[in-house]
Amino acid sequence: MAAKRESGSGGGSILQFAPFQSSVDEGFWHRLSSLKLNKLGIDESPIPITGFYAPCSHLQVSNHLSLLTESLPSDSDEQSSTAEISRGSRNKCTVPGTLYNSNTLESFYTIDKQSLLKQEAKKIWEDIHSGKAVEDSTVLSRFLVISFADLKKWSFHYWFAFPALVLDPPATVVDLKPASLWFSSQEAESVSAACSDWRNSSLTADVPYFLLTIAPNSRATIRHLKDREACEGDGQKLLFGFYDPCHLQNHPGWPLRNFLALILTRWKLKSVLFLCYRENRGFTDLGLSLVGEALITVPQAG
């Protein structure tokens, strides 16, 4: 459940984000068990894994970030950890993660979770500064999992975490409403068509962050983040869009949090229009999707 909204500066409220929900398929534990028995042994080295999620697809249920069989490398060839993951699947947008599997229940409980969280957050920060996050926006939702697999009892303990970059002072929201109320009827028609094209193309279906521009003639265009400069001028409206797994009408989902940090760091914007892109049964739903305006304050020195 999202935290309570608090009073903020500029007449807005502190922008709160609905936490990412997670789930683990039984197939994930089967493959981890096989890996541990046949390849890893007592090795506790971190393992690159892949999570999957999609935009919200139901009016009353948020989507989860899921771990599936293919989230782990095969025990036959650990180097081909991503070989069997098919890109371009609209319902399986990939997110990079790290698994720390402990050999004992004691080490699972005593591992320094905060230190690992800081390490993963540092990776996101470095990806933003290097430009990697613009080229591959999936890294903005990077996550980690700590686990202990008791193979004798077929019992699994695990802990999910999603690192967050902190905006200080926090962003405030001055407007948040259903997208259907924000766009004109002509704009809404064009936005829906553009979103459908983006989601139905194998080249972009699993690209979770994007730019949405609306020309004065109400024509909507969706572009990659790397095409930011092409969105300048000509009276265009610019919205920063993302696949939102959350269904709540009063809060954007978790992926927006690190997206705002990217926008502030890379493009120095202090006012950001954002689109929480959501669907209903596989189709663009502008009544469920949200458009909001966030104000970001640059930290003051000293």
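This passage looks at the nonpolar cores and the aromatic rings of a predicted model.

A good place to start is the inside of the protein. The largest nonpolar core holds 75 residues. Within this core, the residues with the most contacts are Phe143, Phe183, Leu212, Phe259, Leu260 and Leu262. Helix α7, which spans residues 255-267, supplies the largest share of the core, with 8 residues. A second core, separate from the largest one, is made of 8 residues, and among them are Phe108, Leu116, Leu117 and Ala161.

Leucine 260 shows what such contacts look like from the viewpoint of a single residue. Leaving aside residues up to four places away in sequence, leucine 260 touches Leu15, Phe17, Leu167, Ala171, Val272, Ala294 and Ile296.

Next come the aromatic rings, which form 18 pairs in this model. One of these pairs joins tyrosine 209 and phenylalanine 259. Their ring centres lie 4.6 Å apart and their planes meet at 65°, an edge-to-face arrangement. In the sequence the two partners are 50 residues apart: tyrosine 209 belongs to strand β9 (residues 209-214), while phenylalanine 259 belongs to helix α7, so the pair links distant parts of the chain. Tyrosine 209 counts as buried because its relative accessibility is 0%, below the 20% cut-off. Phenylalanine 259 is likewise buried, with a relative accessible area of 0%.

Helix α7 also takes part in a pair between phenylalanine 240 and tryptophan 267. This pair is tilted, with 35° between the planes and 5.8 Å from centre to centre. Here too, distant parts of the chain are linked: phenylalanine 240 sits in strand β11 (residues 237-243) and tryptophan 267 in helix α7, 27 residues apart. Phenylalanine 240 is buried, at 2% relative accessibility. For tryptophan 267 the value is 19%, and this residue still counts as buried because the cut-off is under 20%.

Ring pairs can also join up into a group. A cluster linked in this way contains Phe20, Phe28, Trp29, Tyr53, Phe143, Trp154, Phe156, Tyr158, Phe160 and Phe162. One of its members, Phe143, was met above among the residues with the most contacts inside the largest core.

Finally, aromatic rings can have charged neighbours in this model. The charged end of lysine 92 sits over the ring of phenylalanine 52, at 5.1 Å from the ring centre. Arginine 199 lies over the face of tyrosine 243, 4.9 Å from the centre of that ring.

Technical notes
Residues are numbered from 1 along each chain as its sequence is written. This is a predicted model: local features need pLDDT of at least 70, side-chain atom pairs count only at pLDDT 80 or more; totals for chains, interfaces and linings use all residues. Side-chain values use heavy atoms; hydrogens and water are left out. A nonpolar core is a set of buried Ala, Val, Leu, Ile, Met, Phe, Trp, Tyr and Cys residues joined through side-chain atoms within 4.5 Å. Buried means under 20% relative accessible area, exposed over 50%, partly exposed in between (1.4 Å probe, protein chains only). Helices (H or I, at least four residues) and strands (E, at least two) are DSSP runs, numbered from the N terminus. Contact means heavy atoms within 4.5 Å. Rings of Phe, Tyr and Trp (its six-membered ring) pair if their centres lie within 6.5 Å; planes under 30 degrees apart count as stacked, over 60 as edge-to-face and the rest as tilted. A charge sits over a ring if NZ of Lys or CZ of Arg is within 6 Å of the ring centre and within 35 degrees of the ring normal.
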